[in-house]
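Grab a pencil and open the model in your viewer. Try each exercise yourself before reading the worked solution.

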Amino acid sequence: MKKILSIQSHVAFGYVGNRAAVFPLQRLGYDAMAVNTVQFSNHTGYGSWTGQVFQPAHIAEVIDGIAARGALESCDAVLSGYMGGAALGQVIVETVRRVRAAKPEAVYCCDPVMGDVGRGFFVNEDIRAFMRAEAVPAADIITPNQFELEFLTGREVHSLADALAAAKAVRAMGPKLVLLTSLTRDEAPADSIEMLLDTPDGAFLVATPRLPLDPPPNGAGDCVAAVFLAKYLETGDPAKALGHAAAAIYAVFSATLKAGTRELQLIAAQDELVAPQRTFEVRKV
């Protein structure tokens, strides 16, 4: 059984960070080792929450304990999301180095969580600089949203050509695979949303219907990154992983809309995380 070390936030209520990543990884057959960077009552999108942000030294101590069990040596991938601070980012990147030292083929998937369209940045300048200078160059896979891709490259994205140019530019920074998790472009139908994957062997696009989720649920990017990583490790085929991730998150969104809630319905859609009933065409562009 393959092992994935997931270093992300944790909430007791709802599904973001590790709560949106670990269960999908487990349903897809992975031994997910969760290191929680915060413990909050709920995600911050509600406007109020309780709990604590853990210090980088605490996270490093937990990882040292995992290493003492020999688990880093058998780790197949590291997944990271919201970092909270540059010092914590340093702990994560150092952990990736330790994993690769023991297992050079191990994969690092970095979700460069920094902000979103409409909300702007919700991390400080130190984290933004760290993402550009260290986290993204260290990663094999990155999964930015459109806002984050524009920041990382300094390019605005209005068209498919813009998105392809930005993805190519950020891939030149180090990552082998760049998954743009939410592409909205001028020439695409307003009732659809797309994902774009750029690889050394070309780029791939998939579109799914845009469902009327208001407000949009938090944690979708965390779930997509986890599912994409899992299927990529399983198949070695980025395009297949893209198709599965798009279909899986569409199923989750559909269940969330049906439930009339703002929290991702991962439990209700759990079987479709593994075998989505509705699939979508992945085309090379």
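Buried residues (under 20% relative accessible area with a 1.4 Å probe, protein chains only; exposed is over 50%, partly exposed in between) make up 53% of the 285 residues in this chain. Keep in mind that this is a predicted model, where local features need pLDDT of at least 70, side-chain atom pairs count only at pLDDT 80 or more, and totals for chains, interfaces and linings use all residues. Residues are numbered from 1 along each chain as its sequence is written, and side-chain values use heavy atoms, with hydrogens and water left out.

**Exercise 1. Work out how compact the chain is.**

Start with the parts list: nine helices and twelve strands, taken as DSSP runs numbered from the N terminus (helices are H or I with at least four residues, strands E with at least two). Next, compare the radius of gyration, 17 Å, with the 19 Å from the globule rule for 285 residues; the two are close, so the chain is as compact as a globular protein of that length. Both figures rest on simple recipes: the radius is taken over C-alpha atoms, and the rule is 2.2 Å times the number of residues to the power 0.38. Then look at the contacts (heavy atoms within 4.5 Å): of those with a separation of 6 or more, 68% join residues 24 or more positions apart. Finally, the C-alpha trace spans about 50 × 40 × 40 Å along its principal axes.

**Exercise 2. Compare serine 9 with alanine 12: which is buried and which is exposed?**

First, place them: serine 9 sits in strand β1, while alanine 12 is in the loop between β1 and α1. Second, check accessibility. Serine 9 has a relative accessible area of 11%, so it's buried; alanine 12 comes to 55%, so it's exposed. Third, list the partners beyond four places in sequence. Serine 9 touches Val16, Gly17, Asn18, Arg19, Asn36, Thr37 and Val38, whereas alanine 12 contacts Arg19, Phe40 and Ser41.

**Exercise 3. Find what covers the buried residues of α1.**

Begin with the helix itself, residues 18-27, where Asn18, Ala20, Ala21, Val22, Pro24 and Leu25 are buried. Now look around them: the cover includes β1 (3-11), β2 (31-40), β4 (77-80), α7 and α9 (270-274). Just after α1, spot glycine 29, with a positive phi of about 95 degrees.

**Exercise 4. Describe how α7 and α8 pack.**

Two packed helices are described by the angle between their axes and the distance between the axes. Here the axes of α7 (residues 220-235) and α8 come within 8 Å and cross at roughly 145 degrees. Those axes are lines fitted to C-alpha atoms over the stretch in contact, with angles running from 0 to 180 degrees between N-to-C directions. For the residues, α7 brings Val224, Val227 and Phe228, among others, to meet a set in α8 including Leu242, Ile249 and Phe253.

**Exercise 5. Place serine 254 in its surroundings.**

Step one: serine 254 lies in helix α8, residues 238-259. Step two: its relative accessibility is 26%, so it counts as partly exposed. Step three: glutamine 265 is eleven residues away in sequence and 8.7 Å away in space, C-alpha to C-alpha.
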